[in-house]
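Please read the following account with the model open beside it, and turn to each residue as it is named. The walk begins with ring pairs and then moves out to the helices and the loops between them.

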Amino acid sequence: MFAPDDDLCTIGDLAARAGVSVKTVRFYSDSGLLPEASRSVGGHRRYAPEAVHRLGMIRSLRGLGLPLPDVRRVLDEEEREGPDGARAGGALEDAVAGRLRALGSEMTALRWREAALRLVQECAPSERPARLRLVGAVALPPSTASLARFWRSWLPPRMPARSVAAFLEAAVPHPPDAPGPVQVLAFARLHALVTRPCGADGSRPCQPRAHRGAGGRASAVLYAGLARAYELAGAQMRRGAVPSPGGALDGFVDAYAGTYGARDSPAFRRVLAGRLAADPRIDRYWELTAQVISAPGCRLEPTPGSAHDWLLGALDVDLGRAGRGG
């Protein structure tokens, strides 16, 4: 194989030793991953003995799906450190970590695609074209960018970026990595919902009355207080508790009282109940969000929207008791 006079081998010999085709060796050579030691008088490629090891490394790295630029970095680092070095640098670790991230995204996309196909397959034939259009409008793996845009238009203007980010974290559902068909359908419907204009006729924004007149800082305080109240209410909901007065409701009322510069009192609670009842509703968003984040066949997880409704129910109970003098 290796000529005794100069210790070099031909491209055919190298391909046979590595168990690959000549075409493969030529491709890696032309890509700069497998340098030639020299050329014969007739212009044929000749390779040094270490090319066998280098070609084996290339095959192993490519077999793991690493792209050529990552393969080049790993090989260059090994060349600097030596194949028997105690520890090479971070090129291989970085390449493997990057490939794992890419595989994770690819596997998530495949699971979503499989669930979407089952969703189309299992519906009535007359429904398939509409369902196909609905599901086909969602990228795979799904992006939540449209949901974030929806909420950015809903939130009060000039609200601090940190407060907006905290709210989006709670309000925008994280698509599951391995969804069922029901979750795929719910997310597709959610995407369709938020990409339509807001308002009954699509001509006006559906801004809650609580946003009117509230500056960015006051709005941040409002939503921070609501987040704490929703968390408390969610814990009650997971235990199956019916809406009732308590710490969650007190925090809920305090958040609005602070925004309006008012004091919590029975009179303020009556006014608040009337204002909140008149606010635009986006119950459908929260219904679909609960379906997206809940495991198939399990009780729906609380959302900020369902917690808000629970607290409104608790406020009604509280006002009913106050009206009865109890």
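In this predicted model, counting rings of Phe, Tyr and Trp as paired if their centres lie within 6.5 Å, one arrives at 13 aromatic pairs. One of them joins phenylalanine 150 and tryptophan 151, whose ring centres are 5.2 Å apart and whose planes stand at 80°, so this pair is edge-to-face, given that planes over 60 degrees apart are placed in that class. Phenylalanine 150 has a relative accessible area of 11% and is buried, and tryptophan 151, at 1% relative accessibility, counts as buried too.

Phenylalanine 150 also pairs with tyrosine 285, and here the ring centres are 5.8 Å apart with the planes at 15°, so the pair is stacked, the limit for stacking being planes under 30 degrees apart. Phenylalanine 150 belongs to helix H7, which covers residues 145–154, while tyrosine 285 belongs to helix H13, which covers residues 283–293, so the contact ties together parts that are 135 residues apart in sequence. Both partners, phenylalanine 150 and tyrosine 285, are buried. Seen more widely, these rings are members of a cluster in which ring pairs link Phe150, Trp151, Trp154, Phe167, Tyr223, Tyr285 and Trp286.

Tyr223, a member of that cluster, leads on to helix H10, where Tyr223 is among the buried residues. Helix H10 runs over residues 216–238, and its 23 residues reach 32 Å from the first C-alpha to the last, which is close to the 33 Å expected at 1.5 Å a residue. Its buried residues also include glycines, namely Gly216, Gly225 and Gly234, as well as Leu222, Leu226 and Tyr230. Just after H10, glycine 240 takes a positive phi of about 80°. Elsewhere in the chain a ring meets a charge, for the charged end of arginine 275 sits over the ring of tyrosine 260, 4.4 Å from its centre.

How do the helices pack against one another? Helix H7 packs with helix H9 (residues 181–194) at an angle of about 40°, their axes lying 9 Å apart, and H7 and H9 are therefore oblique to each other, with a left-handed crossing. Helix H3 (residues 50–63) and helix H4 (residues 68–81) pack at about 140°, with their axes 10 Å apart. Because angles count as roughly antiparallel when they are over 145 degrees, H3 and H4 are therefore described as oblique, and H3 passes H4 in a right-handed crossing.

The axes of helix H5 (residues 91–122) and helix H6 come within 9 Å and cross at roughly 160°, so H5 and H6 are roughly antiparallel to each other; the crossing in which H5 passes H6 is right-handed. Between H6, which spans 128–136, and H7 there is a loop that holds proline 141. A cis peptide bond joins leucine 140 to proline 141, with omega at about -10°.

Helix H5 also contains glycine 104. Is this glycine buried, partly exposed or exposed? At 30% relative accessibility, glycine 104 counts as partly exposed, because that class takes in values between the limits of 20% and 50%. The C-alpha atom of glycine 104 is separated by 8.9 Å from that of aspartate 177, a residue 73 positions away along the chain.

Note on methods:
Residues numbered from 1 in each chain as written. Predicted model: local features only at pLDDT ≥ 70, side-chain atom pairs only at ≥ 80, totals over all residues. Heavy atoms only, no water. Phe/Tyr/Trp six-rings, centres within 6.5 Å; stacked < 30°, edge-to-face > 60°. Buried < 20%, exposed > 50% of the residue type's maximum accessible area, 1.4 Å probe, protein only. Helix = DSSP H or I, 4+ residues; strand = E, 2+ residues; numbered from the N terminus. Lys NZ or Arg CZ within 6 Å of the ring centre and 35° of its normal. Expected span 1.5 Å × (residues − 1). Axes fitted to C-alpha atoms, helices over the stretch in contact; angles between N-to-C directions. Parallel < 35°, antiparallel > 145°, perpendicular 65-115°, else oblique. Left-handed = near helix turned anticlockwise from the far one by under 90°.
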